[in-house]
Amino acid sequence: MLVPATEMLQKAVRGHYAVGQFNINNLEWTKAILLTAQENNSPVILGVSEGAGKYMAGYKTVVGMVNGMLEEQKITVPVALHLDHGSYEGAIKCVEAGFSSVMFDGSHYPIDENVAKTTELVKLCHEKGVSIEAEVGSIGGEEDGVVGAGEIADPNECKAIADLGVDFLAAGIGNIHGKYPENWKGLDFDALAKTKELIGDLPLVLHGGTGIPENMIKTAISLGVAKINVNTECQLSFQEATRKYIEEGKDRQGKGYDPRKLLAPGFEAIKATVKEKMELFGSVNKA
Ligand code: 13P
């Protein structure tokens, strides 16, 4: 059964580790992440962006697939199904479809509007037993070749949004989605520490988990980060393994064209990446 992410993240704050949010794109991705969580006795959060939700034939399809898999694959570790970077409308749709957690990304709105919309969604989510993440300070990234540095969230704005009753909070601290550029300045731990001081034990979320050096991940966790989002790294592992299979001509040997064979190396590669992250984040045996 899907669970909201609140309890697993509060436990992570107390235990000084982080739970990984791994974004899913299809059945193979979902199965790889769920089986790895079960094998490592780790709680896990499945992230679904609005684009990935559309790709997977809609939120209800995703809910059906994940719930079916939890039952058929006998997954007993805590699993949350979470909308990643949701719009106001997307968050409502996911609550209705049966997601157990949503993120409302109001970071691009003026703070007053972010506050108003977050307030409404907190009420709706909590009435339905769904956890909610909010964001302050937009997460940068590479778009059309332009690399934007991640914004640093204002700790006072973080406090204002935290006080609305959200269950966990993403604060921009120079993190970005996708690969980090050569000249990246690193995470701003002063800003993180100031935010932590103001918000207390509310779990903090670190987006853009791909490519952040291990020592920075560990420092972030020590400063209250309890959820780390990873997406691109699984995509890169899948891509490399699939490329190797085809470059070695395996798709042309015997029934190597069978999608169940063709996608198997990528599936195993995702599993290896997820396991590595769970070990780094400290969530192994924390189910
Ligand atoms: P990466 O793709 O950089 O790992 O970021 C994932 C993320 O933050 C999803 O919200």
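In the predicted model, residues 24 or more positions apart account for 71% of the contacts in the protein that have a separation of 6 or more. The secondary structure comprises twelve helices and eleven strands. The C-alpha trace spans about 60 × 45 × 35 Å along its principal axes. For 287 residues, a compact globule would be expected to have a radius of gyration near 19 Å, and the value of 18 Å computed for the protein agrees with this expectation.

Of the 287 residues, 45% are buried. In soluble globular proteins, nonpolar side chains tend to be buried together. The largest nonpolar core of the model contains 71 residues, and the members that touch the most others are Ala18, Val19, Ile33, Leu46, Phe99, Val102 and Leu169. The surroundings of Leu46 were examined with residues up to four places away in sequence left out; under this condition Leu46 touches Phe22, Ile24, Thr30, Ile33, Val66, Val79, Leu81 and His82. Ile33, one of these partners, is itself among the core residues that touch the most other members. Leu46 falls within the range of β2 (44-49), and Ile33 within that of α2 (27-39). Val79, Leu81 and His82, also in contact with Leu46, fall within the range of β3 (79-86).

The ligand is surrounded by 15 residues, of which His207, Thr210, Asn229, Asn231 and Thr232 come nearest. By residue class, this shell divides into twelve polar, two charged and one nonpolar. At least two shell residues are supplied by each of β3 (79-86), β11 (225-230) and α10 (232-247). Strand β3 thus has a part both in the shell around the ligand and, through Val79, Leu81 and His82, in the contacts of Leu46.

Two residues were considered further for their backbone conformation. Most residues other than glycine have a negative phi. Asn41, however, has a positive phi, near 50°, and the same approximate value, near 50°, is found for His85. Asn41 lies in the loop between α2 and β2, whereas His85 belongs to strand β3. The two residues also differ in burial. Because 14 other C-beta atoms lie within 10 Å, Asn41 is classed as partly exposed. His85, in contrast, has 22 C-beta neighbours inside 10 Å and therefore counts as buried, the threshold for burial being 20 or more.

Notes. Residues are numbered from 1 along each chain as its sequence is written. This is a predicted model: local features need pLDDT of at least 70, side-chain atom pairs count only at pLDDT 80 or more; totals for chains, interfaces and linings use all residues. Helices (H or I, at least four residues) and strands (E, at least two) are DSSP runs, numbered from the N terminus. The radius of gyration is taken over C-alpha atoms; the globule rule is 2.2 Å times the number of residues to the power 0.38. A residue is buried if 20 or more other C-beta atoms lie within 10 Å of its own, exposed if 12 or fewer, and partly exposed in between; C-beta atoms are placed from the backbone. Two residues are in contact if their C-beta atoms, placed from the backbone, lie within 7 Å. A residue is near a molecule or strand if its C-beta atom, placed from the backbone, lies within 6 Å of it. Ala, Val, Leu, Ile, Met, Phe, Trp, Tyr, Cys and Pro count as nonpolar, Asp, Glu, Lys and Arg as charged, and the others, Gly among them, as polar. A nonpolar core is a set of buried Ala, Val, Leu, Ile, Met, Phe, Trp, Tyr and Cys residues joined through C-beta atoms within 7 Å.
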